[in-house]
Amino acid sequence: MKFSDKRPIGIFDSGVGGLGILRELQRAFPTEDFIYLADTARMPYGTRDVSDITAYTIECFEKLQELNVKAVVLACNTSASYCIDEIKRIFDFPTLAVIGSAALDSVMVTYNKHILIFATNATTKSGAFQRAIKKVDSKADVRTRGCSDIVNIVEEGKGEDEESYELLRGYLEEYQEFDYDTILLGCTHLSFTKKNLQKALAEIGKDVKIIDPAKSISKDLKRMIEGLRIESDEEDQKISFYVSGDVNKFKRIASKLLQEPEENLDVSSFEVKG
């Protein structure tokens, strides 16, 4: 007799960036329910102190525990950079971080071993992606650019606007002397700027592979839930959202990013300590 674990899979991010991961996982796992939890009241995490990042992440995971998730995808790379080990120690459900999956995929596709990473300032400072890539290939030449200002633009639903393009073009100009052939989107928010990034790359004549962590984590999640035998066989997929900030603002932005009518989004508020 086949066992079906109908508990939802949690996805945590500080804001709307992880919606790109949710969108990918919805397609890849049509029989699974998902809970997306965003700490929108205290985002962006990328400019916070390490102690605050850790405390906020743990508090949000406690809420996911209350919601009876069977596994969690830690979409916030800033959180993963500083407290993934502590999260795994405290909570008994399995947690997947995006960093390892994306680092492996970057090494797999680069030809010249020159990798450029765009991430939040805090993730860049942590060196988490550099370490993860070097663990796979010690000869890789990795450069990381902090771009926390992009996060705020995406949080307003403007990832494809001109302001986003100008910022990305400026980032690329800083690395004209670096012969990168791969760009890793080290912050989930950057998934929603990909068209502008591709446009900027075309204008400077760069043929570059772009690693989107959403696709990377999907493969790892499949292996994990199959290995632990916690798959669901539900036919009607349910997606629930929990946000610590303005519910209506989240609905408006999520509707635009997910291309889903606001009335179809099940969004609830949860309180945080401040």
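This briefing walks through charges, strands and a few unusual backbone spots in the structure above. Keep in mind that the model is predicted. It holds 21 salt bridges, and a patch of negative charge gathers on its surface. We'll start with that patch, then follow the salt bridges, and finish with the backbone.

**The negative patch**

- Six residues make up this surface patch: Asp-149, Glu-160, Asp-161, Glu-162, Glu-163 and Glu-166.
- Helix H8, which covers residues 162-173, gives the patch its largest share, three residues.
- Asp-161 sits in the loop between helix H7 (148-155) and H8, and its relative accessible area of 32% makes it partly exposed.
- Why can Asp-161 count as partly exposed? Buried means under 20% and exposed means over 50%, with partly exposed in between, so a value of 32% lands in the middle class.

**Strands E5 and E6**

- Strand E5 (residues 114-119) and strand E6 run parallel, joined by six bridges.
- If you want a spot to look at, find Ala-119, which stands opposite Gly-146 in E6.
- Which way do the side chains of E6 (residues 141-146) point? They alternate: Val-142, Thr-144 and Gly-146 point to one face and are buried, while Asp-141, Arg-143 and Arg-145 point to the other face and are not buried.
- Two residues from that second face, Asp-141 and Arg-143, meet through their side chains in a salt bridge of 3.2 Å, N to O.
- Both partners are partly exposed: Asp-141 has 25% relative accessibility, and Arg-143 has 35%.

**Salt bridges across the chain**

- Asp-137 and Lys-113 join side chains in a salt bridge, at 2.5 Å from N to O.
- That pair links distant parts of the chain, 24 residues apart: Asp-137 is in the loop between helix H6 (128-136) and E6, and Lys-113 is in the loop between helix H4 (98-109) and E5.
- Are these two partners buried or exposed? Asp-137 counts as buried at 13% relative accessibility, whereas Lys-113 is partly exposed at 32%.
- Lys-194 and Asp-212 form another salt bridge, with their closest N and O atoms 2.9 Å apart.
- This pair also links distant parts of the chain, 18 residues apart: Lys-194 belongs to helix H9 (residues 194-203), and Asp-212 lies in the loop between strand E8 (209-211) and helix H10 (213-227).
- Lys-194 is partly exposed at 22%, but Asp-212 is buried at 12%.
- There is also a salt-bridge network that links Glu-24, Arg-27 and Lys-215.

**Far in sequence**

- Phe-29 sits in the loop between helix H1 (19-28) and strand E2 (34-38), and it is buried, with a relative accessible area of 7%.
- Phe-29 and Lys-222 are 193 residues apart in sequence, yet their C-alpha atoms are 8.3 Å apart in space.

**Backbone oddities**

- Here's the background: most residues other than glycine have a negative phi, and most peptide bonds are trans.
- Met-43 and Pro-44 are joined by a cis peptide bond, with omega at about 0 degrees; Pro-44 lies in the loop between E2 and helix H2 (50-66).
- Asn-68 isn't a glycine, but it has a positive phi of about 60 degrees. You'll find Asn-68 in the loop between H2 and strand E3 (71-74), partly exposed at 42%.
- Arg-229 isn't a glycine either, and its phi is positive at about 55 degrees. Arg-229 is in the loop between H10 and strand E9 (239-243), and it counts as exposed at 66% relative accessibility.

Notes:
Residues are numbered from 1 along each chain as its sequence is written. This is a predicted model: local features need pLDDT of at least 70, side-chain atom pairs count only at pLDDT 80 or more; totals for chains, interfaces and linings use all residues. Side-chain values use heavy atoms; hydrogens and water are left out. Patches are made of residues with over 30% relative accessible area and no salt bridge: like charges are joined within 9 Å, nonpolar side chains (Val, Leu, Ile, Met, Phe, Trp, Tyr) within 5 Å. Accessible areas come from the Shrake-Rupley method with a 1.4 Å probe; for residues, only the protein chains shown count as cover. A salt bridge is a side-chain nitrogen of Lys or Arg within 4 Å of a carboxyl oxygen of Asp or Glu. Lys and Arg count as positive and Asp and Glu as negative; His and the chain ends are not counted. The place of a charge is taken as NZ of Lys, CZ of Arg, CG of Asp or CD of Glu. Helices (H or I, at least four residues) and strands (E, at least two) are DSSP runs, numbered from the N terminus. Buried means under 20% relative accessible area, exposed over 50%, partly exposed in between (1.4 Å probe, protein chains only). Two strands pair if DSSP finds at least two bridges between them.
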